[in-house]
Amino acid sequence: MRTIKDINIDGKRVFIRCDFNVPKDEFGNITDDRRIRASLQTIRYCIDRDCKIILASHYERPEPGKYEEKYSLKPVAKRLHTLLKIKNEILMAEDVVGPDAKAKAEKLEAGDILLLENLRFEAGETTNDENFARELASFADVYVNDAFGACHRKHASIYAIAQFFDKEHKAAGFLLSKEVNFFSKVLENPVRPFVAVVGGSKVSGKLEALNKLLDKVDKVIIGGGMAFTFLKAQGYEIGKSLVEDDLLDEANRVMEKAHRQGIKFYLPVDFVVAPEFSENTAVKYLPSQEIPKDWMGLDTGPASSRLFREVLNDAQTIIWNGPMGVYEMDKFSKGSIMMSHHIAETHATTIVGGGDTADVAQRAGDVDEMTFVSTGGGASLKLIEGEELPGLTALEMD
Ligand code: AMP
């Protein structure tokens with residue numbers, strides 16, 4: 001992959017597509033700035049080469065074409081300034097490609113940084129609009145994509161924009177290249193035993209990845225809401241737990257494939273169950289075959305945690321994507337936190353993918369113990385699926 005190191009950017013105007021889609025609390029405070037910190041290496045490299053730097057990112061999902069303060073990237077500009085430890089303020093544009101952004105971009109001096117407003121304030125971003133992409137491209141001589149977390153989306157700042165730069169003037173940033181290289185290396189040549197831990201809400205979002213992983217791993221651990229589709233497919237009562245009835249056959253096919261290929265396939269053996277989806281509800285710890293009809297499983301139980309620790313014991317490579325339960329509620333977070341601890345305690349190469357999963361590892365205090373915490377959930381799933389990421393394809397196009 002051509003990276004920013006392979007092209008000449010000295011003194012040039014550089015447009016860097018970042019992924020600053022960071023979580024905030026109800027007061028608008030950034031609660032996890034990992035994605036901002038992950039962008040620093042590329043930005044510093046550009047500062048050191050006297051570039052005039054234009055940064056762009058999306059933030060959540062505002063209504064296209066409408067400005068709303070709560071989706072503004074202003075807090076990101078502040079945090080970025082703090083993290084970069086530079087004297088000059090980061091210039092914040094009031095718009096994306098409007099008069100304010102253009103005027104500020106015009107005045108940039110060597111080493112200055114301008115952050116454009118949330119790309120999704122413009123309807124053309126998500127529709128991959130060519131005219132919008134052309135306007136974005138007109139800011140700079142060089143296009144750098146460092147937004148791994150957004151690379152699976154065919155959006156204007158990821159895809160259409162790249163056609164306005166030839167190969168000497170576009171490249172991947174350090175973060176993007178690190179993410180892709182890491183996943184490729186592990187998936188192509190994992191040290192065994194290789195274990196995939198897959199959780200989260202639904203089977204549907206991860207079915208393709210799960211199928212691909214079965215061709216590579218030695219063991220699979222399933223947790224989270226998706227476990228119930230597998231349990232129901234085996235004929236067990238799952239009460240009111242989350243389930244995808246249309247995927248029961250598919251779930252059976254996955255389990256048959258695992259069996260055929262000699263892959264160990266582990267489902268939770270107990271759950272924390274509750275009569276309703278709420279933090280203030282009664283809970284019971286029950287074996288997976290004893291879920292009452294009108295209760296639902298919201299977290300994996302203590303016996304499952306012990307089982308999973310045993311399963312992970314000899315692992316040399318672990319990929320983890322998706323929480324084990326509704327970790328956002330304290331009552332149902334233990335299964336995910338324990339999973340994070342177990343993974344962190346192994347001597348394996350550990351890769352954590354997905355915003356929720358990274359969030360669990362962060363809450364568990366295990367981030368530093370993981371080998372690699374990816375900044376992209378959807379994008380890393382696509383890499384596992386073996387699909388081409390539009391963001392990478394665009395960098396290769398003439
Ligand atoms: P995903 O985006 O598919 O990785 O799913 C993450 C979400 O799955 C989190 O918001 C969890 O709250 C949710 N989740 C995990 N376990 C369960 C469960 N047993 N029932 C309902 N939702 C769950």
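In what order do the 6 strands of the open sheet lie? In this predicted model, the order is β9-β8-β7-β13-β14-β15, and the pairing is parallel. It helps to recall that strands of a sheet pair through backbone hydrogen bonds, in either a parallel or an antiparallel way. At the edges of the sheet sit β9, covering residues 264-266, and β15, covering residues 372-373. Each of these edge strands pairs on one side only.

One pairing within the sheet can be followed in more detail. Strand β7 spans residues 194-198 and strand β8 spans residues 219-222; the two run parallel and are joined by 4 bridges. A handy place to look is Val198, which stands opposite Ile222 in β8.

Attention now turns to the ligand. It is surrounded by 14 residues, and the closest are Ser201, Lys206, Gly297, Glu328 and Asp356. The shell around the ligand is mixed in character, with 5 nonpolar, 6 polar and 3 charged residues.

Several polar contacts can be picked out in the structure above. The side chain of Glu328 places a polar atom 2.4 Å from an oxygen atom of the ligand. From the side chain of Lys206, an N or O atom is 2.8 Å from a ligand oxygen atom. Backbone atoms take part too: a polar backbone atom of Gly225 is 3.1 Å from a nitrogen atom of the ligand. As for how much of the ligand is covered, its accessible area on its own is 510 Å², and the protein covers 78% of that area.

Note on methods. Residues numbered from 1 in each chain as written. Predicted model: local features only at pLDDT ≥ 70, side-chain atom pairs only at ≥ 80, totals over all residues. Heavy atoms only, no water. Near = heavy atom within 4 Å. Polar contact = N/O pair within 3.5 Å; in protein donor to acceptor, adjacent residues only side chain to side chain. Areas by Shrake-Rupley, 256 points an atom, 1.4 Å probe, with all protein chains shown as cover. Nonpolar A, V, L, I, M, F, W, Y, C, P; charged D, E, K, R; others polar. Pairing = 2+ DSSP bridges.
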